[in-house]
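Trainee: I'm new to this one, so could you walk me through it while we both look?
Mentor: Gladly; here it comes.

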Amino acid sequence: MAKTKKNDKLPTPSTRGDGRKAMLVYMKPNIIEAIKDAADAGDMKAWQFVEKAVERALKSKKG
């Protein structure tokens, strides 16, 4: 079996119809629980809550 280089692309899961890609992020357990609680309170999934929060944070950085 050939070794892969850092810049070699690894196989990815099937393509999503909405164009989203997976990204693994490590967080402290208390932050993860807070995200889940906030998402539940807003009647959304955790990934939706995080995506919206990141979008807002990025917009505020642009000025």
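Trainee: How do the residues of the lining of the largest pocket divide into nonpolar, polar and charged?
Mentor: The lining divides into 11 nonpolar, no polar and five charged residues, where Ala, Val, Leu, Ile, Met, Phe, Trp, Tyr, Cys and Pro count as nonpolar, Asp, Glu, Lys and Arg as charged, and the others, Gly among them, as polar. This is a predicted model, in which local features need pLDDT of at least 70, side-chain atom pairs count only at pLDDT 80 or more, and totals for chains, interfaces and linings use all residues. Residues are numbered from 1 along each chain as its sequence is written, and side-chain values use heavy atoms, with hydrogens and water left out.

Trainee: Which helix gives the most to that lining?
Mentor: That is α2, with five residues; helices here are DSSP runs of H or I with at least four residues, numbered from the N terminus.

Trainee: At what angle do α1 and α2 pack?
Mentor: They pack at about 100°, with their axes 8 Å apart, the axes being lines fitted to C-alpha atoms over the stretch in contact and angles running from 0 to 180 degrees between N-to-C directions. The two helices are therefore roughly perpendicular, a term for angles of 65 to 115 degrees. Contact means heavy atoms within 4.5 Å, and this one is made by Ile35, Ala38 and Ala39 of α1 with Ala46, Phe49 and Val50 of α2.

Trainee: New topic: where is Asp43, and is it buried or exposed?
Mentor: Asp43 sits in the loop between α1 and α2, and Asp43 is exposed at 73% relative accessible area, since exposed means over 50% and buried under 20%, with partly exposed in between (1.4 Å probe, protein chains only).

Terms used. Parallel < 35°, antiparallel > 145°, perpendicular 65-115°, else oblique.
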